[in-house]
Amino acid sequence: MRGLLDLSLEELQEIMAGWGEPSYRARQIWGWIYRRGATTFEAMTDLPKALRARLSEAFTISTLRPLAERVSQDGWTRKWLFALHDGAEVEAVLMEYTDRRTACVSTQAGCAMGCTFCATGQMGLLRNLTTGEIVEQVLWIARWLAAHGERLTHVVFMGMGEPFANYANTAKALRLLIHPDGFHLGQRRITVSTVGIVPGIRRFAQEGWEINLAISLHAATDDLRNRLVPINRVYPLHALMEAVRDYIEQTRRRVTFEWVMIQGVNDTPEQAEALVERIQGMLAHVNLIPLNPTPGFPEEASPPERIEAFRRILEKAGIPCTVRVRRGIDVAAGCGQLRAAVTGRRPRIAGISLREAYA
Ligand code: SAH
Ligand code: SF4
């Protein structure tokens, strides 16, 4: 059976035309799914019964099976662990704020990039998610919110996996999410975070989108970045920064650099100064995120005074910088951690967080 959420509008239109259906049919089905939150064809009551039956035989709308759901003690962060049709598992997180509700979604089951501090990196890559599996995480959270009288306002691609290592499916999911006949989310309300896959950044720059781009930098010298983010050996800092500069020049859009603060490792004045040197004058913003401890990485989060000292060096150099608060520390609301906690394949841990909303 094919996933309906894998299809572009044009692809669905072509199928409907082949079935001898009127040309408005595809939009009608999309309206049910993306605007009205339908999860079965049976619910599409203004479709002929025979068509509903035929659609049900040929396509599925819903493939995610929730395995676990956790809510933070303050109730503002909620995390789901989903099983996919083949048993692969992914996580999605909802973060509520007074003025926004952000979904954080996964693009791969696991990740091949191997960042040493990351729970997903520690488990390796199982497989890429399909377009539909990415989109369905957003729809799931949107429906959950709708059932509680609220609306999803933002989406960040900061769950499990590296979006640009699954570029085609990620890009197609983005197109469905911003499509006026699809989920129709404002482009500026979406952020894609990459570990720094240079060809992906260059391709993203060509898309003509206003979708936000975040780069997980974490170190400003190659020797340190090689250790924290092994893919740096393939795309070293000079190549990465050149791609980011070209991206900014082409799109005129500000990028965000993410920097996980690890005590005594990348929170030193030397790293702050090296960072200043790399990005001064760029249309960029830095997010400092205290490390959330993971079982496979012995280091600790930087204490507030070290984060503050780092921030001040950036500030003095005129680089805009935000210190992110940790969210959902008690729901394992970080990359790969709920899966680890639930399956018991890794020791149960306090949980990490991160994934903040981006403007
Ligand atoms: N693969 C992409 C997107 C998913 S990870 C990327 O790396 O950008 C999203 C963010 O979570 C990245 O900035 C990543 O560095 C960060 N992250 C991963 N593990 C973390 C941890 N243990 N503590 C804090 N942030 C973490
Ligand atoms: Fe993959 Fe991102 Fe985790 Fe690195 S930080 S291992 S790129 S998910």
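# Exercises on a predicted protein chain

Buried residues make up 58% of the 359 residues in the protein chain, and the model in which they are counted is a predicted one.

## Exercise 1: The overall form

Task: Decide whether the radius of gyration of the protein chain agrees or disagrees with that of a compact globule.

Solution. Begin with the length of the chain, because a compact globule of 359 residues would have a radius of gyration near 21 Å. Then take the value for the protein chain itself, which is 21 Å, and conclude that the two agree. As a further description of the form, the C-alpha atoms fill a box of roughly 70 × 45 × 35 Å along the principal axes. Inside this form, the secondary structure comes to 12 helices and 14 strands. Among contacts between residues at least 6 apart in sequence, 66% join residues at least 24 apart.

## Exercise 2: Surface and charge

Task: State what share of the exposed area of the protein chain carbon and sulfur atoms supply, and how far apart the mean positions of the positive and negative charges are.

Solution. First, take the area that the protein chain exposes, which is about 14800 Å², and note that carbon and sulfur atoms supply 49% of it. Next, turn to the charges, of which 43 are positive and 39 are negative. The mean position of the positive charges and that of the negative charges are 3 Å apart.

## Exercise 3: Two domains

Task: Find which residues bound each domain of the protein chain, and work out how many residues of each domain are in contact with the other.

Solution. The chain is divided into domain 1, which covers residues 2-60, and domain 2, which covers residues 65-358. The centres of the two domains, taken over C-alpha atoms, are separated by 33 Å. Where the domains meet, 14 residues of domain 1 are in contact with 13 residues of domain 2.

## Exercise 4: Two histidines with positive phi

Task: Determine for H184 and for H218 whether the residue counts as buried or exposed, and describe the backbone angle phi of H184 and of H218.

Solution. Start from a general expectation, which is that most residues other than glycine have a negative phi. H184 has a positive phi of about 55° although it is not a glycine, and H218 likewise has a positive value, near 70°. Now place each residue: H184 lies in the loop between helix 6 (167-178) and strand 10 (190-194), whereas H218 is found in the loop between strand 11 (212-216) and helix 8 (222-228). For the last step, recall that buried means under 20% relative accessible area and exposed means over 50%. H184 has 52% relative accessibility and therefore counts as exposed, while H218 has 4% and therefore counts as buried.

## Exercise 5: Surroundings of chosen residues

Task: Say where T107 is placed in the chain and whether T107 is buried or exposed, and then name residues that K172 touches beyond four places in sequence.

Solution. T107 has its place in the loop between strand 6 (101-104) and strand 7 (108-110). The relative accessible area of T107 is 1%, so this residue is buried. Not counting residues up to four places away in sequence, T107 touches a set of residues including N128, L129, F157 and T170.

K172, by contrast, has its place in helix 6. Beyond four places in sequence, K172 touches D6, L7, S8, E11 and T131. One of these residues shows how a distance along the chain can differ from a distance in space, since K172 and S8 are 164 residues apart in sequence and 7.8 Å apart from C-alpha to C-alpha.

## Exercise 6: The setting of helix 10

Task: Identify which residues of helix 10 are buried, and list the elements against which they pack.

Solution. Helix 10 covers residues 269-279, and within this helix Q271, A272, A274, L275, V276 and I279 are buried. It helps to remember that an α-helix has 3.6 residues a turn, so residues three or four places apart point the same way. The buried residues of helix 10 pack against helix 8, helix 9 (237-251) and helix 11 (304-316), as well as against strand 12 (255-261) and strand 13 (284-290). To finish, follow the chain just past the end of helix 10, where G281 takes a positive phi of about 85°.

Key: Residues are numbered from 1 along each chain as its sequence is written. Chains are lettered from A and ligands numbered from 1 in the order in which they are written. This is a predicted model: local features need pLDDT of at least 70, side-chain atom pairs count only at pLDDT 80 or more; totals for chains, interfaces and linings use all residues. Side-chain values use heavy atoms; hydrogens and water are left out. Helices (H or I, at least four residues) and strands (E, at least two) are DSSP runs, numbered from the N terminus. The radius of gyration is taken over C-alpha atoms; the globule rule is 2.2 Å times the number of residues to the power 0.38. Buried means under 20% relative accessible area, exposed over 50%, partly exposed in between (1.4 Å probe, protein chains only). Contact means heavy atoms within 4.5 Å. Accessible areas come from the Shrake-Rupley method with a 1.4 Å probe; for residues, only the protein chains shown count as cover. Lys and Arg count as positive and Asp and Glu as negative; His and the chain ends are not counted. The place of a charge is taken as NZ of Lys, CZ of Arg, CG of Asp or CD of Glu. Domain bounds come from an automatic or database domain assignment.
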